[in-house]
Amino acid sequence: MCCLGEIPDICVAFDPLCHYQTITIMSNGADAVRSALEAAGLANLGEINYNLTAADLYEHAVTYGEGMLTEHGALSVNSVPYTGRRANDKFVVEEDDTKGDVWWGKVNRPFSEEKFNALKARVQAYLQGRDVYVQDLVAGSDEKYSLNVRFIQEHAYHSLFVQNMFIQPTAEQLANFSSDFTVITVPEFKAIPEVDGTASEVFIILSFKQKLVLIGGTSYAGENKKSIFTVLNYLMPKLGVMSMHCSANIGHDGDVALFFGLSGTGKTTLSTDHERALIGDDEHGWSDEGVFNYEGGCYAKVINLSAEAEPIIFSLTRTFGTILENVDIDEDTRVIDLNSQKYTENTRASYTRENIPNIAPGNRGGHPKNIVFLTADAFGVMPPIARLTPEQAMFHFLSGYTAKVAGTEAGVKEPSATFSTCFGAPFMVHHPSVYANLLRDKINKHGSHVWLVNTGWSGGPYGVGDRMKIYHTRAMLKAAINGDLDGVEFVKDGFFGLSIPTSCPGVPSEVLNPRNTWADKAAYDAQAAHLVKLFEDNFAQFADSVDEGVRNAMK
C-alpha cells in the first residue's frame, strides 16, 4: 500500500488493471472519494454525491425528473422499457483465475477480458463531466462473511435503492471503508453490440478478478441487487457458507424458518408474519454459526397487493423512503393503483427493513429448524403441504419447480412448468450440486425439517380450479413450524412419492389431498402423470451428480 501524493487519507495498492477493491478510504468526505475514484480510472467526474440521505436523494430524484412523490410519501419511479431482469444480457468475464469455478452455459455466459476492459474504458469516458451518486454499503450481516460494496450510479433513485437494500456501515466502518467489490450503473449509456460484444444495448457484466460489475442500458433497479447476490453466490460456498435465495424468519423461542421459492410463490408474503420476526425476505447465508441476511431491506412484488391479505407490506407502499418501481400513478392526484399492470406485472416496492414493525435483531438467527420449499403449481396437482425426506429435499431443491399460468395466446390453456435450480438459477455461479451438497450436509448436521408447500391451484388447473386460500396456507405453515403436525398420520401420494398429512388444524381435511379436490379424478391422474414426466425430464441433467436415493425421490 502507498499513499497518493499530498493526500494521506487515500491509500491504493497499485496494479495495472486498476482493481477497484484495492482502494481504502480513510475519510468519508467527497474529496477523498473523488481522489480514490480518480486513482481507479474514473477521472474528471462532475459532482460526487457521496452517501446522501434518503431525503436528499428524494429531492434529487424529483428535481431531475427521475420520479415523483405519491400521496403518502413514497417515491414513484419508472424503468420502462425494461421492467425486469435481462437474463440474456448478463455475462461473467472468462478469466484464468476463476473460470474453472463457473457453471458455464445459459445462466453464466462467458465474456472476454479484452471486451470487458474496452467496455469499462468506454464507461469511464462516458462518466467524465457527469454527476454521480456514490454509496458505500455492506452486504452480509455477519461481519465474518460481509462484503463491502461501493455503488457508483448516475441516477439518484438507484442510490436510494441500494441504500434501502443493503446494510449501512457504522461510522467506524465507514471511516476505514475498503471496498471489496464495486458496481458501476449507467442506465443512459447504451452498449453497441457490434463494438462491445454484448447481446443488446443492455449489459450486466461481472468480473470476479477485477471485483467489478458494470450495469448499463437499463434502469431496472433490481439488477444492482441481484448482481451482488450473484457475487455472494460465488464467494460464500468457497468459505463453507450455503448461499440461498430464500426468506427467513424467527419465532419467539429462537426457531428459524427458511422459505425458498421463485417469484410469485409467496416467499416474501409468507415470511412477513406478525407472530415471527423477519430476518430477511430474499437472500441469506447459512454458516456454521447460523443464518444471516445479506441485505438491509426488501424488494417486494406488489401487483394486486391488498391491506387484507398482506397488511404489513401494503402499509410500506405508503411510507417515506419506499421506492415504488413501475407502479401506476395518477400524476394529478398522486394516487397509486396497485392492481394496475399498465407498465408491467412485475411492480415492485423497495423499502428498508427498519420500517418493518417486527424484525430480528442484527438480521441474524440460529440454524433453521424448518425449511419450506414453495411452489405455485398451476397444474393443480401438487399437495398444499408435504413432508420431505432428505433425498426428496435434494431432488426438489435441484428441481426448483413452479408453474406459470397460461398465456394470452388464443387456444393456449395449459400452464407451463418452470424449473429454476436451487430456486434461483439466474444467480447461481457454481454448479448446482455445490449448493445442493452444502444444503444436504447442513440439514443432516442440524436436523432441519423440510416441507414442500403449494401456494398454487387446487381442484383443477389454472382456469378451472381455485388458488389456494392464503389463510389455509398460513395455517399449514404455522402447524408445520410449531410442530403441530408431528403426531399426525401421513399418507403417501401415488405420483410424487410425497408424504401428505391427513389432518391439519384450521384446514379442511379434503383440501390436504389434491386428488380429492378434483371432480374428475381421471383428469387429475392424467395431469399429475404429465407433471411427473416434466420433473423426470428436467432432472436428467443432474442424474450423474446425485446418488440413487435422490434419483428415485419420486418413487
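**Entry 1. Largest cavity**

I sorted the lining of the largest cavity by class and recorded six nonpolar, four polar and no charged residues. The structure I consulted is a predicted model. I then looked up the volume of the largest cavity, which is about 50 Å³. I listed its lining as L374, T375, M382, H396, S399, G400, Y401, F423, L452 and F535. I noted that β26 (368-375) and α10 (390-399) are the elements that give two or more residues to this lining. My count of cavities of 30 Å³ or more came to two.

**Entry 2. Second largest cavity**

For the second largest cavity I recorded a volume of about 30 Å³. I found T272, D273, H274, R276, L278, I312, I356 and N358 along its lining. Which classes does the lining of the second largest cavity have? I entered three nonpolar, three polar and two charged residues.

**Entry 3. Second largest pocket**

I turned from cavities to pockets and looked up the second largest one, with a volume of about 480 Å³. I noted that 25 residues line this pocket, and that D273, H274, E275, R276 and R474 are the closest to its centre. Among these, D273, H274 and R276 had already appeared in my list for the second largest cavity. Which element gives the most to the lining of the second largest pocket? I found that α12 does, with six residues. I also recorded that α8 (267-271), α9 (311-316) and α12 (470-482) each supply at least two residues of the lining. By class, I entered nine nonpolar, seven polar and nine charged residues for the lining of the second largest pocket.

**Entry 4. Five-stranded sheet**

I traced an open sheet of five strands and wrote its order as β5-β6-β21-β24-β20, with mixed pairing. Why is one side of β5 and of β20 left without a neighbour in the sheet? I noted that β5 (67-69) and β20 (297-301) stand at the edges and have a single partner strand each, so one side of each has no neighbour in the sheet. For neighbouring strands of this sheet I recorded an average turn of 20° against each other, direction ignored. I examined strand β6 (residues 75-77) with strand β21 (residues 323-325) and found that they run parallel, joined by three bridges. I entered I323 in β21 as the bridge partner of L75. I then noted that helix α2 (residues 54-63) packs on this sheet and touches β5 and β6, its direction making about 120° with that of β5.

**Entry 5. Eight-stranded sheet**

I traced a further open sheet, this one of eight strands, in the order β4-β9-β10-β12-β14-β13-β7-β8 and with mixed pairing. At its edges I found β4 (48-50) and β8 (110-111); each has a single partner strand, so one side of each is left without a neighbour in the sheet. I looked up strand β9 (residues 132-139) and strand β10 (residues 147-153), and recorded antiparallel pairing over seven bridges. I noted that D136 stands opposite R150 in β10. Which strands does helix α4 touch as it packs on the sheet? I found contacts of α4 (residues 156-165) with β9, β10 and β12, and a direction about 10° from that of β9.

**Entry 6. Aromatic pairs**

I counted 28 aromatic pairs. I looked up one of them, Y126 and F189, and recorded it as edge-to-face, with 5.2 Å centre to centre and 75° between the planes. I noted that this pair links distant parts of the chain, 63 residues apart. Y126 belongs to helix α3 (residues 113-127), whereas F189 is in the loop between β12 (181-186) and α6 (193-196).

**Entry 7. Backbone**

I reminded myself that most residues other than glycine have a negative phi, and that most peptide bonds are trans. Between V80 and P81 I found a cis peptide bond, with omega about 15°. I placed P81 in the loop between β6 and β7 (90-93). For N44 I recorded a phi near 55°, a positive value in a residue other than glycine. I placed N44 in the loop between α1 (30-39) and β4.

Technical notes:
Residues are numbered from 1 along each chain as its sequence is written. This is a predicted model: local features need pLDDT of at least 70, side-chain atom pairs count only at pLDDT 80 or more; totals for chains, interfaces and linings use all residues. Side-chain values use heavy atoms; hydrogens and water are left out. On a 1 Å grid over the protein atoms alone, a cavity is a set of points where a 1.4 Å probe fits but cannot get out, and a pocket is an open set with protein on both sides within 12 Å along at least five of seven lines; lining residues have an atom within 4 Å of a point. Grid points are joined across faces, edges and corners, and a volume is the space filled by probe spheres set on the points. Helices (H or I, at least four residues) and strands (E, at least two) are DSSP runs, numbered from the N terminus. Ala, Val, Leu, Ile, Met, Phe, Trp, Tyr, Cys and Pro count as nonpolar, Asp, Glu, Lys and Arg as charged, and the others, Gly among them, as polar. Two strands pair if DSSP finds at least two bridges between them. Axes are lines fitted to C-alpha atoms, for helices over the stretch in contact, and angles run from 0 to 180 degrees between N-to-C directions. Contact means heavy atoms within 4.5 Å. Rings of Phe, Tyr and Trp (its six-membered ring) pair if their centres lie within 6.5 Å; planes under 30 degrees apart count as stacked, over 60 as edge-to-face and the rest as tilted.
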